[in-house]
Amino acid sequence: MTEINHHAFLFDATRCIDCRACMVACSVENKIPMNKTRIWVAGLGITGEFPNLQRETMVYHCMHCNAPDCLSGCPVGAYSKRDDGPVEYDKNRCIGCRYCMNACPFGVPHFDFDKGLVDGAFIDKCTLCPQRIDIGLEPACVATCPTDALVYGEWTDLVKEAHDRIAAHPGRYIDHVYGETENGGTSYLILSHVPFSELGLPNLPENPINKVSESVMEITIPFALSWAAVLTGVAAGVHMNNKKKEANAKEAETYDEKPEETK
Amino acid sequence: MTNTLSRRDFLKLGTATAAAAAAGGWIQPRAARAAREAGLLDAAGNGYIPSMCEMCVWRCGLLARVEDGRVVKLEGNPEHPHSRGNLCPRGQSGLMNTYDPDRVLTPLIRVGKRGDGLFRKASWEESLDLIANKMLEIKTRYGPEAMVFSTTHCLTQQQFENMMYAFGSPNYGTQRSLCFNAMITAFLLTYGVEEPARNYNNVDFILLVGRNMMEAISTSETSELSHAVDRGAKLVYLDPRYTKTASRAAEWIPIRPGTDSAFLLAMINVIVTNELADCEFVKKYVVGCDGIKDAMSRYTPEWAEKITGVPAATIDRIAREYAAARPNSLVHPGWRTSNFLNSFQTERAIATLNALSGNVLTPGGCLSAEVAAEGAGLGAPPQPPYPRLSALRLDGTPWKYPLVPLKLGVFQELRDAIITGQPYQAHGWFISRQNPILSLPDRNKTLQAFGKMDFIATVDIIMNDTAWFSDVVLPEASYLERYDPILPVEGKAFIRQPVIEPQGEAKSTLWIYKQLGERLGLGDYFQYDDEEDYLRTQLKPLAVDLEEVKALGYAKMPEDETKGEITFNTPSGKIEIYSETLKNAGFSPWPTWEEPPVPAEGEFFLLTGKVAQQTQFGTQNNQLLHKYSDEPRLWMNASVAEERGLRDSEWVEVTSNVGKVHIRLLATQAIRPDCVYMTPGYGHLSRGLKTAYGWGASDSVLHVTYTDPISGSQALSQTFVSVKKA
């Protein structure tokens, strides 16, 4: 087995037959309750008019971003990013604020309304099966895929594999590997025959949104401190000025009669 | 008698499997090897046990992850040629069949009226005695032929048949005439093989005639076809619906239902008229080279255009593409081919096109006739010869259907003969692992046939509809809880073994049939002590120990020496495009066009076809599959629905000549305007199925019974329906 430094999936939308073996495998492997799922099918389904039709199916779950918005949006550090790929969620830290749900551009974290308060596990999402990958197994969804629409491996190998497929079959794919650069890169790479937006994937900049906000946030303290200094300076100036004014006023009093006081 | 796996056995198994792994027994590293390397098999008996799936008849190899005596996950066995490490959604869900809260876990004896679902728990002793006494009573009063036996494709089918033939009844109902009679009869008559195997390694051009391979999944074959398409093989697909297979095809041709054979005959016409066939192969191996040009002369692409609705130029082009790719071109024989009365001719045309491609039996050819019989090369317990059968078969084979192979039979005809009592009245029915109430066309008739019975006994793992209407229900152990006979696949003999102990009092059918056989005085036909003893007898010629097979999951079979010379098991020893046998029976010796009926104005063809998440009539109660299946709705072309003022997801009433159902509508672009479609297997009657009861509607209620006189195949798409707002 090749050493995996950065676990990743490659999903090929042209190969997916929407059989849902991945969904069942995930449900069983991770003991997901019967009314929940960590994988779902996105995309427009069948489009066009009879008989000119096409099908657009995508297996959707956590993208395991290199720069996870859930993590940067979480006020209590319930999320962490493993160096080798998986974005992990710690239910013991979570306070159920749902900031991660708003932050994630892929709409991945799901709030567990009926279990949250009892079990303390507020959020449910794909974990990349650490219990499997850490002992050299493939994630449950990948292991069972009958058409190899999902494959798993080292991130750099899969990026190369994806580009090789595009090169080998001109016209079959959109010439882009989604997730190679989107949002700073994701561990879920996607090949498609239709525009990625039709698969329900957002159009994201290479520079992740949270990096932009973080770059702003990073200067907030120095900015605040310097602003505080300025304000302090201003306040001091104003104070001095007021003192001055008071002194001048007193000086003036000595020259002017004060009719009210003298009355 | 023991058929349970004790905790000690688990321990033994764990160690043995670990040892086998250490010895390098596992070749392709996927789940299994990695798990072993990781030391997942521990002394507490937690680990992986190899066995075989039974969620459909493809029988993938599996590795069951067991923790503390419970199955927690199923993985595809990388070493099994049918799974190669993968399982389909049904295979992945298999453990929910075992852990279905609606399992029948003790023998049950009916106490209320038939169909009321009132049963009392009974002991095995009492239930088996009751069944044996009833069967013997019927035998004494009416003769053994008054007992009907029916079962569906399963690994203990041979033991079931053993009991039936030893009992002396010729009346046997299988699923075959509802499924693949047309395909098998046609290929037996043309090639002398039942179902040639497909090979996608070198294929460049594939034509699927309604074979929805991406939804009616056979894991390894679906995977091979998918990979062939990935590497650039051209896939052309005929189907009135835009299925998931259609979306993988280079060309989807929404052909008019019932006209596949016209399309194929026109392809043959183009190939023989323009001399595009593999002449060398054809001359050497085919009967009918001389006359075929004349026989096909009237089937021009222009003729076919009028019938099929497919432009003549398209048919001509596809025929030429097919011929240009030979011998790496393939027309898939199909699977459930019970569509129209002319489906037999469709299959004959498919067999012909493959012969013209020269793909048959050439090295690496796309079609191979070398399919070994189940159980070939294995041992079997000794048994006396069966008694002579003297009665006519109620299903009309062969006296009414001379060309239907005896092992296939005509189930729907058997059911009708039970109702009419002609040529004689049947009185008892023993059913194992089959659900004829839902699988046979025209459910009302099937219920009527049940009403004619003095006694009905059913073996199943859940309270399916047939069990619900039975007098005695025997609980079978699920496929994860029992042994079944060993099955050779591609040079290896694979085992199905219990990975957990049976729940309740459930037992294997190897045990049940033997117990019943002994009570019927037929003990000599069941000469094995228990399941393990039966398996040991099977393994004798291979000289391997059962323990080894249990640990590894399979035993290696000796090399097959018969490969080499190409022979076809037909009267001429060649491929018979022209068949004397058919001619002598009064049918057309050439593949020929038979006009199918068409729906009246305002009516639709009722199509049925598989979804990837369900198998036939037995998995709808599986909660995991229920969770990930779409709601079964009536597909109707969206434009047609709009014209008729029907809205998506509203309730509609669907009516045929024999029945009526209510179902929600799916208005979709993915179907021809003259068709509607239903997913089969829904609309269960049994209230003992808490997940499936009341969900969807049954296509069997609507299906009219039509039987092809040549193959005995039921014509399921020949039912026409009207649809209105419910």
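Start by selecting Lys73(B), which sits in strand 3 of chain B. You are looking at a predicted model, so treat each stop as a computed picture. Is Lys73(B) buried or exposed? Lys73(B) has 21 other C-beta atoms within 10 Å, and because 20 are enough for the label, it counts as buried. Now show its contacts: setting aside neighbours within four places in sequence, Lys73(B) meets Val28(A), Glu29(A) and Arg65(B). Add Ser93(B) to the view as well: this residue is 20 positions from Lys73(B) in sequence, and the two C-alpha atoms are 8.8 Å apart.

**The sheet around Lys73(B)**

Widen the selection to strands 1, 2 and 3 of chain B. These three strands form an open sheet in the order 1-2-3, with antiparallel pairing. Strand 1 (47-52) and strand 3 (70-76) of chain B are the edge strands, each pairing on one side only. From one strand to the next, the twist averages 30 degrees.

Next, keep strand 1 and strand 2 (residues 61-67) of chain B in view. Six bridges link this antiparallel pair. To see one of the partnerships, pick Gly47(B) and look across to Val66(B) in strand 2 of chain B, its bridge partner.

**Across to chain A**

Two of the contacts of Lys73(B), Val28(A) and Glu29(A), belong to chain A, so colour the two chains separately now. How many residues does each chain bring to the contact? Chain A contributes 30 residues and chain B contributes 40. On the chain A side, helix 1 (21-29), strand 2 (40-49), strand 3 (52-60) and helix 6 (140-144) each supply at least two residues. Helix 1 of chain A gives the most, with seven residues. Colour this side of chain A by residue type and you will find 18 nonpolar, six polar and six charged residues.

Stay with chain A and show it whole. Chain A holds ten helices and nine strands. Its radius of gyration is 29 Å, well over the 18 Å that the globule rule gives for 263 residues, so chain A is more spread out than a compact globule. Along the principal axes, its C-alpha atoms fill a box of roughly 100 × 45 × 45 Å. Of its 263 residues, 38% are buried. Among contacts in chain A with a separation of 6 or more, 57% join residues 24 or more positions apart.

**Strand 6 of chain B**

Return to chain B and select strand 6 (residues 147-151). Five of its five residues are buried, so this strand is largely enclosed by the rest of the structure. Turn the view to see both faces: Met147(B), Phe149(B) and Thr151(B) lie on one side, Val148(B) and Ser150(B) on the other, and all are buried. In a regular strand, side chains alternate between the two faces of the sheet.

Strand 6 of chain B has a parallel partner in strand 15 (residues 428-432) of chain B, with five bridges between them. Here Ser150(B) stands opposite Ile431(B). Strand 6 of chain B also runs parallel to strand 7 (residues 172-173) of chain B, joined by two bridges. In that pair, look for Phe149(B) opposite Tyr172(B).

**Helix 7 of chain B**

Move on to helix 7 (residues 181-190) of chain B, where ten of the ten residues are buried. The elements covering the buried residues of this helix include helix 14 (343-357), strand 21 (575-576) and helix 22 of chain B. Just after helix 7 of chain B, click on Gly192(B), which takes a positive phi of about 80 degrees.

**A proline in a loop**

Follow helix 22 (580-584) of chain B towards strand 22 (604-608): the loop between them holds Pro596(B). This proline counts as buried, with 22 C-beta neighbours inside 10 Å. Beyond four places in sequence, Pro596(B) touches Gly258(B), Phe340(B), Leu341(B), Asn342(B) and Gln718(B). Computed from C-alpha to C-alpha in the viewer, try Pro240(B): it lies 15 Å from Pro596(B), with their positions 356 residues apart in sequence.

**Last stop: the nonpolar core**Finish by selecting Met267(B), Ile268(B) and Val676(B), which touch the most other members of the largest nonpolar core, a group of 274 residues. Helix 9 (residues 260-273) of chain B provides the largest share of this core, ten residues. Around Met267(B), beyond four places in sequence, you will find Ile315(B), Ile318(B), Ala319(B), Tyr322(B) and Leu353(B) in contact. In soluble globular proteins, nonpolar side chains tend to be buried together.

Conventions:
Residues numbered from 1 in each chain as written. Chains lettered and ligands numbered in written order. Predicted model: local features only at pLDDT ≥ 70, side-chain atom pairs only at ≥ 80, totals over all residues. Core = buried A, V, L, I, M, F, W, Y, C linked by C-beta atoms within 7 Å. Buried ≥ 20, exposed ≤ 12 C-beta atoms within 10 Å, placed from the backbone. Helix = DSSP H or I, 4+ residues; strand = E, 2+ residues; numbered from the N terminus. Contact = placed C-beta atoms within 7 Å. Rg over C-alpha atoms; globule rule 2.2 N^0.38 Å. Nonpolar A, V, L, I, M, F, W, Y, C, P; charged D, E, K, R; others polar. Pairing = 2+ DSSP bridges. Axes fitted to C-alpha atoms, helices over the stretch in contact; angles between N-to-C directions.
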